[in-house]
Amino acid sequence: MNSDKNSDIDENKNSKKVLVLFAHPAQTRSEVNVPLFSDAQANKHVTAVDLYAEYPDFNIDIEREQQRLVDHDIVIFLYPLYWYSTPSILKEWQDLVLEYGFAYGHEGTALKGKQFLCAISAGGKEEAYQTDGFNHFTIRQLLQPLEQMASITHMTYLAPFALFGSRTAQEEHRISDHRRKWTTLLNKLVKGELNMEKAMNIENLADLCTQSGE
């Protein structure tokens with residue numbers, strides 16, 4: 001048999017499956033999240049779902065979404081930070097899909113051992129997301145409800161992959177570098193090469209995804 005073909009089979013067998021749930025209610029104005037979603041779509045080990053396109057009436061197919069979770073090893077929420085929270089469809093998705101007996105509770109262990117992270121863009125500059133900054137809290141502190149969601153559902157919570165100052169990122173030519181880091185992150189997750197201890201404790205996961213490695 002062809003040894004190269006065997007290598008491909010082994011690679012596919014050992015690869016982690018990543019689910020990217022994308023939520024952006026104003027995609028025509030997106031300069032960051034839509035390109036990241038396109039990059040996720042280009043990775044054969046990533047299932048990239050546009051929630052607003054799939055559920056324009058918010059009538060979420062609970063069984064379908066639960067099966068998606070079961071079928072993947074890593075779950076990523078990709079979205080712009082809106083009023084320190086997620087766009088509304090992601091909250092609706094959480095409310096309906098993460099049911100008692102499935103995601104939590106005595107028999108709710110379907111997500112146990114999976115990894116979870118948020119890939120977000122924030123309009124404010126990084127220094128605004130500090131205890132003594134404009135927003136009074138760090139980005140990790142503001143995302144604690146999602147960290148607790150991961151804890152209750154038995155998932156491993158990773159630091160957010162964040163781009164700050166997103167309103168000026170394009171004119172400052174920062175988006176292409178952020179996309180390279182995003183592609184690096186997805187590849188590391190798929191291959192199981194991400195330093196998990198660092199990924200769980202760092203403030204911004206993007207800082208682990210430089211071109212030179214970790």
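For the residue classes used below, Ala, Val, Leu, Ile, Met, Phe, Trp, Tyr, Cys and Pro count as nonpolar, Asp, Glu, Lys and Arg as charged, and the others, Gly among them, as polar. The structure under discussion is a predicted model.

With these classes in hand, the second largest pocket, which holds about 240 Å³ of space, can be described through its 13 lining residues, of which Ser85, Lys91, Gln94, Pro145 and Leu146 are the closest to its centre. Helix α5 and helix α7 (144–152) each supply at least two residues of this lining.

Helix α5 also takes part in a helix pair, since the axes of α4 (residues 62–71) and α5 (residues 88–97) come within 10 Å and cross at roughly 90°. Because angles of 65 to 115 degrees count as roughly perpendicular, α4 and α5 are therefore roughly perpendicular to each other. On the α4 side of the contact stand Ile62, Glu65, Gln66 and Leu69, which meet Trp93, Leu96 and Val97 in α5.

The make-up of the pocket lining and of the helix contact is set out by class in the table.

| Set of residues | Nonpolar | Polar | Charged |
|---|---|---|---|
| Lining of the second largest pocket | eight residues | three residues | two residues |
| Contact of α4 with α5 | five residues | one residue | one residue |

Turning to charged pairs, a search of the whole structure finds seven salt bridges. One of them joins Arg179 to Asp39, with the closest N and O atoms 2.7 Å apart. This pair links distant parts of the chain, given that Arg179 lies in helix α8 (residues 175–191) and Asp39 in helix α2 (residues 33–41), 140 residues apart.

Terms used:
Residues numbered from 1 in each chain as written. Predicted model: local features only at pLDDT ≥ 70, side-chain atom pairs only at ≥ 80, totals over all residues. Heavy atoms only, no water. Axes fitted to C-alpha atoms, helices over the stretch in contact; angles between N-to-C directions. Helix = DSSP H or I, 4+ residues; strand = E, 2+ residues; numbered from the N terminus. Parallel < 35°, antiparallel > 145°, perpendicular 65-115°, else oblique. Contact = heavy atoms within 4.5 Å. 1 Å grid on protein atoms, 1.4 Å probe; cavity = no way out; pocket = protein on both sides within 12 Å on 5 of 7 lines; lining within 4 Å. Points joined across faces, edges and corners; volume = space filled by probe spheres on them. Salt bridge = Lys/Arg side-chain N within 4 Å of Asp/Glu carboxyl O.
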